[in-house]
Amino acid sequence: MSMPAIETIGGARYPDAIDLAKVRDAHRPLATERKVVEADGNTAAAYACLQMWRAVCFAGFPITPSTKWLEVVTDTVARGTVGCKRVKLMEAEHAVADYLAGAAAACRDLIVATATSSVGLDHMTESTRSLGASGLGNILLINVYRAAANYPLCIEGDPSDALAHRDDGWIQICCRGVQQIYDVVLQAPCIGMHPEVLTPVMPGYYGIKDSHRGSRLILEPDHAIEAFHDRWIRPSQWPGLINGDTALGNCVTSQFFQGFKIDQRSRMERVLTLLPRIGADFEETFSRPGLEFVEPLSWPVDNTVDLAIVAMGPDAGTAAALAPEIGKECGCKIGVLAAQLLTPFPHAQYAARLAHVKAVLVVNQAHHAGHGHLTHEIAQACYPLPKPPAVVSCFAGMGGATVSDATWLAMVRHAVTASRRGERLPRPVIAHEGRIIWPN
Amino acid sequence: MEPSQRRPIEYRNDLHPVWCTGCGDFAVLKSFTRAFAQLGLQNERIAIISGIGCSSRLPGYCATYGLNSVHGRPLPIATGLKIARPELTVIACAGDGDAFAIGTGHIPHAIRRNPDLTYFVMDNAVYGLTKGQASPTSAREQKAARHQLGEMDPPINPVLFVLANGAGFVARTQAGDMKHMTDMLVRAINYPGFAFVHCLSVCVTYQGRSYQEALDGRVHPIMAEHDPRDEDAAYRLARTDPYALGVIYERADS
Ligand SMILES: Cc1ncc(C[n+]2csc(CCOP(=O)(O)OP(=O)(O)O)c2C)c(N)n1
Ligand code: SF4
Ligand SMILES: [Mg+2]
């Protein structure tokens, strides 16, 4: 006999509609103990998804460079080694997004996942923009960065897709390297499904540069992941959307619209207090860094930095490796920060880091109509500082281009010169292959 | 009519196609240029609009106007083009994925509007460009044998689909027979309305080299007594024989 419906302010909830104990029992582990494997970024993201017992529903549509995620999930599920999970190949990305919405709405306690890229993400837009505010935090959309359809197409890693979707209302986290991709995907549902957040998560990583680069990966045992998740993910107290009085595509008057947006914003703000707690628990459990707002890749403990570089993804690692040498050559002490939480943007954390630097070189790898997505955020972070640094904006690595050692040197030289001129927010430049190529 | 003095090579540009050796798209490209030559079309009076996929690279190799456009969208683009420049010979071309997965929604509406253009679909029953996933036209047996996703989903019948939506000209051909492809293309271009050509094609990389041979063994000309003006007969043929080559339907009032 089924249990009676529980009335909530969001509508009736049917607690036994899906027998979660059965779902948990049906899960078969990918790893029973910690092991080291060789994997590329897509495989690492797929493994993380497959290891979560709550993730039973996957859907996808192939697009380079995220296709391998779908292939790994499909092959593993087909082998039957991870229990009874389901993968659907849909006819297009918008159908993927809607399929996930349906599955996620049906049971808020289960995680539904996909991976896509570039025009694939663009193709989902109508749904992602609704889902961002929907309260369906159990949707995981892995975004493998590739230049978006901003003409021309380019299949290499450029975060213009993710950055063009910053207002969709999702939590966006940028990962760097295979291990971090795996770790972030594992932590993502803890934050998205938290009852005070209930916001879907879009972890992302650079196409080709990280999606296709093989590296050593530590796989955690499924039971440890289960225990970690159980500390953060509790049975939902909310009905699925289909039972509630909100729905995708519902229409309200402008009077009610404000309330939805305030609620959405408050939930996003909650991310800023929760994320470090989840990250700290992850670190304590698995002895690797957990979620952070920003990664200080090369940053002295005493904060004595003249020029801070703020960048994203694997190229930030190159900058960190080059920092001492380039710093010597340019006569300044360089610190490097890799952006991790993109949305909501942790302005206060950047302000604290950048309070005493003379200049910030912000490296944007995606086309932007103004000074750059990252630059805008960093400028906002620095604005309230008593002595704000110059914020020097460079575009480099667009279309997934390599940011070579010589390009880093050219950008640092440019930043030093521009800041010495006393400009607070100089006109942005484009750097490529060791030169400032625009304006010329 | 005077035989055309044009040669197929005059419709090719200098670019070397990046298709795999043995890909069915080479033969399609050749038959496009042969059909243009046969019709004596002026290069600047031809526009080929494709979507995205290996097959959709085709316009890039033609010395005509062309657009390698957005995945699934050649039909609305071609329709817009034809309305703006009715004097052009407009061909929309695409793969089975482009046409019958992401682009399916546009087909009924293009047919309803009935622009005078040809829609040529290269159906290799696979997503070639994204490395061999099953497409909506992949047979269940193929998906089972190759462990492709979507084994439980039955395939779409492209010819039945366009017929049911009211297309006035429907033909089937195959990439292993250039003469037949050229003939079908010429007839489709000459048809004054929306003309659909379903081209059974081969992806050597993800279907294997024996696929063409297997296809050759299955295809056959439509039986002589079939009357392409008989709509019921066209439906019967579309339902029962996925390998019959030729003009399946041509509306009598055209
Ligand atoms: C919106 C969007 N999603 C996904 C893709 C990736 N993609 C490129 S081609 C293709 C399928 C191609 O299959 P088909 O049309 O059959 O052409 P073929 O390569 O087999 O000739 C896909 C899914 C894309 N380009 N755009
Ligand atoms: S992958 Fe297949 S469809 Fe694409 S060019 Fe190669 S043979 Fe042709
Ligand atoms: Mg195909």
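In what follows, Ala, Val, Leu, Ile, Met, Phe, Trp, Tyr, Cys and Pro count as nonpolar, Asp, Glu, Lys and Arg as charged, and the others, Gly among them, as polar. The model is predicted: local features need pLDDT of at least 70, side-chain atom pairs count only at pLDDT 80 or more, and totals for chains, interfaces and linings use all residues. Residues are numbered from 1 along each chain as its sequence is written, while chains are lettered from A and ligands numbered from 1 in the order in which they are written.

Begin at ligand 2. The shell around ligand 2 divides into 8 nonpolar, 3 polar and 1 charged residues. Among the residues around this ligand (C-beta atom, placed from the backbone, within 6 Å) are B:C20, B:C23, B:C54 and B:C203. Helix 8 of chain B (residues 204-207) supplies the largest share of the shell, 3 residues; helices (H or I, at least four residues) and strands (E, at least two) are DSSP runs, numbered from the N terminus.

Next, the two chains. Contact (C-beta atoms, placed from the backbone, within 7 Å) joins 11 residues of chain A to 14 residues of chain B. On the chain A side, helix 3 (67-79) and strand 5 (86-89) each give two or more residues, and helix 3 of chain A has the largest share, 3 residues.

Within chain A, an automatic or database domain assignment sets domain 1 at 17-286 and domain 2 at 294-438. Their C-alpha centres lie 29 Å apart. The contact between them takes 28 residues from domain 1 and 20 residues from domain 2. On the domain 1 side, helix 10 of chain A gives the most, with 5 residues.

Notes. Two residues are in contact if their C-beta atoms, placed from the backbone, lie within 7 Å.
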